[in-house]
Amino acid sequence: MIEVEHLSKTFGKAQAVDDISFSVVRGEILGFLGPNGAGKTTTMRMLTGYLPATNGTAKVAGYDVFEQSMEVRKRIGYMPESPPLYPEMSVHTYLEFVGRIKGLTSSELSNRVKESMQLVNIADKRDELIKRLSRGYKQRVGLAQAIVHNPDVVILDEPTVGLDPKQIIEVRKLIKGLAGGHTIVLSTHILPEVSMTCDRVVILNKGRIAAIDTPENLTLQLEGGERVRVEIKGEAAAVRSALEKVEGVHRIDIRPLESSERLVVNIESTTGRDLRSQIAACLVHSGFELYELQAVSLSLEEIFLQLTTEEQPERREPVAAGV
């Protein structure tokens, strides 16, 4: 549905987007994750035809974004970070206005406006002036205008920014509900947004793709070694001494468990070594009381920090199963 190849954008001497390539299949939710200034919004604006690219190509539904811009715009719904709302209009009147701009015929308009309001749960606000709506409902109206013409692709820039926790959950559900019928690309710097909403994630850093895959696969690919968490009763120095004798143990971190005589021990092994059985045998044989032992995966937050705060090579290949 979306094909991007070697896309770049410069503003004077600043390289906002630097030679990125990726694809999005029909019905998928793809998340753009990255720190502020990573190139997320610039990429989205190029995909919508709002900004021209400096180099590279982008296609939506088979149409070139830069050479067949009008055909692409017919197939895209876009909600920028601040939705383009007219506060003096009612919800219904505004969506009809947007629908006409987007080329809906008179016979299509009424049904599409009604359907878009139902999809984002604002049908009960149809006659309310937009200026009287809460921030959460304004976001819903912004989402409704993005889908009123039933586009193939919906692009959302920071769709939950400024919302309270309850509103964020509601908007996430709305976005998930649109998947399948629409291909969705959303940008965010909020980590739970990606893991709870997206099928795949593109992590951008300084205009380049640092990684692209599912959150689960990123965890597997970026772990330098196995990690095991142990809850145990014993003296810290003795526990450390016993574990250091297990071949393949790379790092040991021991902390007391609050309001308990137990210890929490995090053990890292060298790459490709699963030492759970050896660790359990060592601790039990040494006479310690073992209460819990489990493998631990990297969180999305740890992956994000690893990819966006470490110094990147001049041309680092993105971590991916296939871009």
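This report walks through the strands, ring contacts and largest pocket of one predicted model.

## The open sheet

Let's start with how the strands line up. Strands of a sheet pair through backbone hydrogen bonds, either parallel or antiparallel. Here, an open sheet of 4 strands follows the order 2-1-4-5, and its pairing is antiparallel. Strand 2 and strand 5 (63–64) sit at the edges with a single partner strand each, so one side of each has no neighbour in the sheet.

Now zoom in on one pairing in that sheet. Strand 1 (residues 2–11) and strand 2 run antiparallel and are joined by 7 bridges. Along the way, Leu 7 has Ile 20 in strand 2 as its bridge partner, and Phe 11 stands opposite Ala 14 in strand 2. The two strands make a hairpin with 2 residues between them. Look at Gly 12 in that turn: its phi is positive, at about 65 degrees.

## Strand 3, wrapped up

Is strand 3 buried or exposed? Buried: that goes for 5 of its 5 residues, so the rest of the structure largely encloses strand 3. Both faces are covered. On one side you'll find Ile 29, Gly 31 and Leu 33, on the other Leu 30 and Phe 32, and all are buried.

Which strands pair with strand 3? One is strand 8 (residues 183–188), which runs parallel to strand 3 and is joined to it by 5 bridges. In this pairing, Ile 29 stands opposite Ile 184. Another is strand 9 (residues 200–205), also paired in the parallel sense, over 4 bridges. There, Gly 31 has Val 201 as its bridge partner.

## Rings that meet

Next, the aromatic side chains. A pair of aromatic rings is described by the distance of the centres and the angle of the planes. This structure holds 3 aromatic pairs. Take Phe 22 and Phe 32: their ring centres are 5.3 Å apart and their planes are at 80 degrees, so this pair counts as edge-to-face. Phe 22 belongs to strand 2 (residues 14–24) and Phe 32 to strand 3 (residues 29–33), 10 residues apart, and the pair links these distant parts of the chain. Both Phe 22 and Phe 32 are buried.

Tyr 86 and Phe 97 also form an edge-to-face pair, with 5.6 Å from centre to centre and 90 degrees between the planes. Tyr 86 is in the loop between strand 6 (76–79) and helix 3 (91–101), while Phe 97 is in helix 3 itself, so their pairing ties together parts that are 11 residues apart in sequence. How much of each residue shows? Tyr 86 counts as partly exposed at 46% relative accessibility, and Phe 97 is partly exposed too, with a relative accessible area of 29%. Add Tyr 94, and ring pairs link Tyr 86, Tyr 94 and Phe 97 into a cluster.

## Charges over rings

Some rings have a charged side chain over them. Arg 262 places its charged end over the ring of Tyr 291, at 3.6 Å from the ring's centre. Lys 125 lies over the face of Tyr 137, and here the distance to the ring centre is 5.0 Å.

## The largest pocket

What about the gaps? Rolling a probe the size of a water molecule over the atoms shows where empty space is left. In this model, the largest pocket holds about 620 Å³ of space. Its lining is made of 20 residues, and those nearest its centre are Arg 73, Ile 76, Tyr 78, Ile 101 and Lys 102. By class, the lining has 11 nonpolar, 6 polar and 3 charged residues.

Which element gives the most to this lining? That's helix 3, with 4 residues. Helix 2 (69–74), strand 6 and helix 3 each supply at least two residues.

## A long-range neighbour

One last spot to find is Asn 150, in the loop between helix 5 (135–147) and strand 7 (153–157). Asn 150 is partly exposed, with a relative accessible area of 45%. Gly 77 is 73 residues from Asn 150 in sequence, yet in space the two are 8.0 Å apart, C-alpha to C-alpha.

Methods. Residues are numbered from 1 along each chain as its sequence is written. This is a predicted model: local features need pLDDT of at least 70, side-chain atom pairs count only at pLDDT 80 or more; totals for chains, interfaces and linings use all residues. Side-chain values use heavy atoms; hydrogens and water are left out. Rings of Phe, Tyr and Trp (its six-membered ring) pair if their centres lie within 6.5 Å; planes under 30 degrees apart count as stacked, over 60 as edge-to-face and the rest as tilted. Buried means under 20% relative accessible area, exposed over 50%, partly exposed in between (1.4 Å probe, protein chains only). A charge sits over a ring if NZ of Lys or CZ of Arg is within 6 Å of the ring centre and within 35 degrees of the ring normal. On a 1 Å grid over the protein atoms alone, a cavity is a set of points where a 1.4 Å probe fits but cannot get out, and a pocket is an open set with protein on both sides within 12 Å along at least five of seven lines; lining residues have an atom within 4 Å of a point. Grid points are joined across faces, edges and corners, and a volume is the space filled by probe spheres set on the points. Ala, Val, Leu, Ile, Met, Phe, Trp, Tyr, Cys and Pro count as nonpolar, Asp, Glu, Lys and Arg as charged, and the others, Gly among them, as polar. Two strands pair if DSSP finds at least two bridges between them.
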